[in-house]
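The exercises below are meant to be worked through with the sequence and the coordinates side by side. Each task is followed by a solution that proceeds in steps.

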Amino acid sequence: IHIVKWAFQDEYDTAYILSADSDISPAVSMCRDIFPDKWYCFLFPYNKFSITNQDVATKIRKIKKSHLEKHILPYECKIWDERVRSPYKKPPSEDEG
């Protein structure tokens with residue numbers, strides 16, 4: 001796993017891991033044993049959590065629905081001269097626009 005390789009190469013002081021998958025926990029645990037000054041912050045995706053990852057993390061954060069809602073594109077936008085519509089939002093009503 002790259003997190004171990006990068007720890008040995010001193011590529012980071014703090015690793016931010018966006019995952020609730022507990023398969024990475026043994027690697028993080030090993031890195032914490034060998035490099036106690038490095039930090040491991042788990043960012044748990046919306047509606048996901050891992051007690052195993054929490055136990056090996058230096059810090060945890062949860063991505064909330066409100067975090068995601070702040071970064072949703074509008075229903076329709078222009079990207080590289082092309083109109084793109086969101087598949088996740090209903091078109092605005094005629095009263096709104």
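**Exercise 1.** Is Asn-53 buried or exposed, and which surroundings does its side chain have?

*Solution.* Bear in mind throughout that this is a predicted model.
Step 1: Asn-53 belongs to helix α3, which spans residues 51-56.
Step 2: The relative accessible area of Asn-53 is 0%, and because the limit for a buried residue is under 20%, Asn-53 counts as buried.
Step 3: The polar side chain of Asn-53 reaches the backbone oxygen of Asp-21 at a distance of 3.2 Å.
Step 4: When residues up to four places away in sequence are set aside, the contacts of Asn-53 are Ser-19, Ala-20, Asp-21, Ser-22, Ile-24, Ser-25, Phe-42 and Phe-44.

**Exercise 2.** Take two of these contacts, Ser-25 and Ala-20, and describe where each of them lies and what each of them touches.

*Solution.*
Step 1: Ser-25 is part of helix α2, and with a relative accessible area of 3% Ser-25 is buried.
Step 2: Beyond the residues up to four places away in sequence, Ser-25 touches Thr-52, Asn-53 and Val-56.
Step 3: Ala-20, by contrast, sits in the loop between β1 and α2 and is partly exposed, at 22% relative accessibility.
Step 4: With neighbours within four places in sequence left aside, Ala-20 contacts Phe-44, Pro-45, Lys-48, Phe-49, Ser-50 and Asn-53.
Step 5: Two C-alpha separations add to the picture: Pro-26, an exposed residue at 56% relative accessibility in helix α2, is 8.3 Å from Val-56 although the two are 30 residues apart in sequence, while Ala-20 and Glu-69, which are 49 residues apart along the chain, are separated by 20 Å.

**Exercise 3.** Which residues have the most contacts inside the largest nonpolar core, and which elements supply the core?

*Solution.*
Step 1: The largest nonpolar core comprises 16 residues, and those with the most contacts inside it are Ile-3, Tyr-12, Ile-17, Val-28, Tyr-40 and Phe-42.
Step 2: Two or more residues of this core come from each of α1 (2-8), β1 (14-18), α2 (25-34) and β2 (39-44).
Step 3: Ile-3 serves as an example, since, apart from neighbours within four places in sequence, Ile-3 is in contact with Tyr-12, Ala-15, Ile-17, Ala-27, Val-28, Cys-31 and Tyr-40.

**Exercise 4.** How many salt bridges are there, and which parts of the chain do they join?

*Solution.*
Step 1: Side chains of opposite charge can pair when their charged atoms come close.
Step 2: With a cut-off of 4 Å between a side-chain nitrogen of Lys or Arg and a carboxyl oxygen of Asp or Glu, the count is three salt bridges.
Step 3: One of them pairs Lys-38 with Asp-10, with the closest N and O atoms 2.8 Å apart.
Step 4: Because Lys-38 lies in the loop between α2 and β2 and Asp-10 in the loop between α1 and β1, this pair ties together parts that are 28 residues apart in sequence.
Step 5: The two partners differ in accessibility, for Lys-38 is buried at 7%, whereas Asp-10 is exposed at 56%.
Step 6: Glu-76 meets Arg-83 at 2.6 Å, N to O, and Arg-85 at 2.7 Å, N to O.
Step 7: Glu-76 is partly exposed, with a relative accessible area of 27%, while Arg-83 is exposed at 63% and Arg-85 is exposed at 55%.
Step 8: Through shared partners, Glu-76, Arg-83 and Arg-85 are joined into one network of salt bridges.

**Exercise 5.** Which residues form a nonpolar patch on the surface, and where are positive phi values found in residues other than glycine?

*Solution.*
Step 1: The patch is made of Leu-73, Ile-79, Trp-80 and Val-84, which together have about 450 Å² of accessible area.
Step 2: Leu-73, one member of the patch, is placed in the loop between α4 (65-69) and β4 (76-79).
Step 3: Turning to the backbone, Asp-10 has a positive phi near 55 degrees and is located in the loop between α1 and β1.
Step 4: Asn-47 likewise has a positive phi, near 70 degrees, and is located in the loop between β2 and α3, where Asn-47 is exposed at 67% relative accessible area.

How values were computed
Residues numbered from 1 in each chain as written. Predicted model: local features only at pLDDT ≥ 70, side-chain atom pairs only at ≥ 80, totals over all residues. Heavy atoms only, no water. Patch = residues over 30% accessible without salt bridge, like charges linked within 9 Å, V, L, I, M, F, W, Y side chains within 5 Å. Areas by Shrake-Rupley, 256 points an atom, 1.4 Å probe, with all protein chains shown as cover. Helix = DSSP H or I, 4+ residues; strand = E, 2+ residues; numbered from the N terminus. Buried < 20%, exposed > 50% of the residue type's maximum accessible area, 1.4 Å probe, protein only. Polar contact = N/O pair within 3.5 Å; in protein donor to acceptor, adjacent residues only side chain to side chain. Contact = heavy atoms within 4.5 Å. Core = buried A, V, L, I, M, F, W, Y, C linked by side-chain atoms within 4.5 Å.
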